Amino acid sequence: MTKLSVNVNKIATLRNSRGGNVPNLLKVATDIEDFGAQGITIHPRPDQRHIRYQDAYDLKEIVRTEYNIEGNPIPEFMDLVLAIKPTQVTLVPDSVETLTSNAGWDTITHQTYLSEMIQEFKLNGIRTSVFIDTDLSLIEAAAKTGADRIELYTEAFATEFGKGNKKAVVPYTKAAILAHELGLGINAGHDLSLDNIAFFKESIPYLAEVSIGHALISESLYLGLENVVNMYLHRLK
Ligand SMILES: CC(=O)[C@@H](O)[C@H](O)COP(=O)(O)O
Ligand SMILES: NCC(=O)COP(=O)(O)O
C-alpha cells in the first residue's frame, strides 16, 4: 500500500481569495483524514500566498495522520519546521518567486548544505525527504546526505503520460530501484492525478507515499472530496 498525503495548499488559496475563513482549512484537513487519507501536506511559500505560517501551527494541533511540510530550507522555514516538529519535512529547492515547484535538488552541488539541514531535522526527530529528479547520480548523492527518503518530482512523467508516452515512467522505476538499494524510502509528487496515479503506482516499486494537491482538489469540484480521496486510496492499494 502507498500512503496518500493530501496537499491542502489549494484550499488555502481559495480561502485567501476572499480574506475570510471559507473554506475552513482545518475542517477540510480533518474531513480529508476522516475520508481515509493517511497524511496532510502543506508547502508554505515565503510570500504566504496560500498556506500561512500560522496555518502550519494550527494544523499541527489537529492533524492526526502524518503531517508533511514541504519547502526550501531558508531560515524562516527551518524555524517553522523545528518549532512544529511534523512527521516529515520535504526539502524543495524552489526560489522565492516561483509559481510552483519546478526542479529537484542538485544533490551533488548542494550535498554539504543538505547534509547539515537534514542532520538538524533528524536530531529533532523529524523524518527527512529530498525532492529530486530521476538522474541516478543525484539519487546516489541524495543517499550521502543522510536523508531518510526522496520525493521523486513527477511533473515530467505526468506531462508525458498525458501525451500517451507511458515509457516516461522508466527513469522513475530505475530511480526507485536504486534508491531502495541505497536504503532510501520513496515518495513522489507533483501533477499526479486520477488519470495517471494507477499506472504510476503499478510501475514504481517500494512507493511509500504520494502527496497530491492540485489535481485532487480540481477533481473534487466535479466528483466531491470524499469520493476523490477514496478513488485515490483504491488506486494506491
Ligand atoms: C513539491 C511539490 O511539488 C508541491 O509541493 C507543489 O510545489 C505544491 O506547491 P504549490 O501548491 O505552491 O504549487
Ligand atoms: N509534493 C507534491 C505535492 O504536495 C502536491 O503537488 P501537486 O499535486 O499540487 O502538483
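## Strand E7 and its partners

Strand E6 (residues 149-153) pairs with E7 in the parallel sense, over five bridges. A quick word before going on: this is a predicted model. On its other pairing, E7 is joined by four bridges to strand E8 (residues 207-212), and these two strands also run parallel.

Gly189 is a handy residue to follow here. In E7, Gly189 is the bridge partner of Tyr153, and Gly189 also stands opposite Ser211 in E8. E7 is mostly covered, with four of its five residues buried.

## The barrel as a whole

These strands belong to a barrel: eight strands close up in the order E1-E2-E3-E4-E5-E6-E7-E8, with parallel pairing. On average, neighbouring strands of this sheet are turned by 25° against each other, direction ignored.

Elsewhere in the barrel, strand E4 (residues 88-91) and strand E5 (residues 127-132) pair in the parallel sense over four bridges. Ser129 in E5 is the bridge partner of Thr90. Helix H5 (residues 111-123) lies across E4 and E5, and runs at about 150° to E5.

## The annotated active site

Which residues does UniProt list for "active site"? The record, an unreviewed entry, gives His43, Glu70 and His190. They are spread over 148 residues of sequence, yet they cluster in space, with a largest C-alpha distance of 12.0 Å.

Glu70 sits in strand E3 (residues 66-71). Is Glu70 buried or exposed? Glu70 counts as buried because 28 other C-beta atoms lie within 10 Å, and the cut-off for buried is 20 or more. Setting aside neighbours within four places in sequence, Glu70 is in contact with Thr41, His43, Thr90 and Val92. Two of these names are already familiar: His43 is on the UniProt list, and Thr90 is the residue bridged to Ser129.

His190 has its place in the loop between strand E7 (185-189) and helix H9 (197-203). His190 is buried too, because it has 25 C-beta neighbours inside 10 Å. Leaving aside neighbours within four places in sequence, the contacts of His190 are Ser101, Tyr153, Thr154 and Glu155. Tyr153 is the residue whose bridge partner in E7 is Gly189.

## Around ligand 1

The residues around ligand 1 include His43, Glu70 and His190, the three that UniProt lists for "active site". Also around the ligand are Asn7, Asn9, Arg45, Val92, Thr100, Ser101, Phe131, Gly189 and Gly213.

What is the make-up of this shell in terms of nonpolar, polar and charged residues? The shell around ligand 1 divides into two nonpolar, eight polar and two charged residues.

Methods: Residues are numbered from 1 along each chain as its sequence is written. Chains are lettered from A and ligands numbered from 1 in the order in which they are written. This is a predicted model: local features need pLDDT of at least 70, side-chain atom pairs count only at pLDDT 80 or more; totals for chains, interfaces and linings use all residues. UniProt positions are given in the numbering used here, feature names are shortened, and annotations may be inferred rather than shown by experiment. A residue is buried if 20 or more other C-beta atoms lie within 10 Å of its own, exposed if 12 or fewer, and partly exposed in between; C-beta atoms are placed from the backbone. Two residues are in contact if their C-beta atoms, placed from the backbone, lie within 7 Å. A residue is near a molecule or strand if its C-beta atom, placed from the backbone, lies within 6 Å of it. Ala, Val, Leu, Ile, Met, Phe, Trp, Tyr, Cys and Pro count as nonpolar, Asp, Glu, Lys and Arg as charged, and the others, Gly among them, as polar. Two strands pair if DSSP finds at least two bridges between them. Axes are lines fitted to C-alpha atoms, for helices over the stretch in contact, and angles run from 0 to 180 degrees between N-to-C directions.
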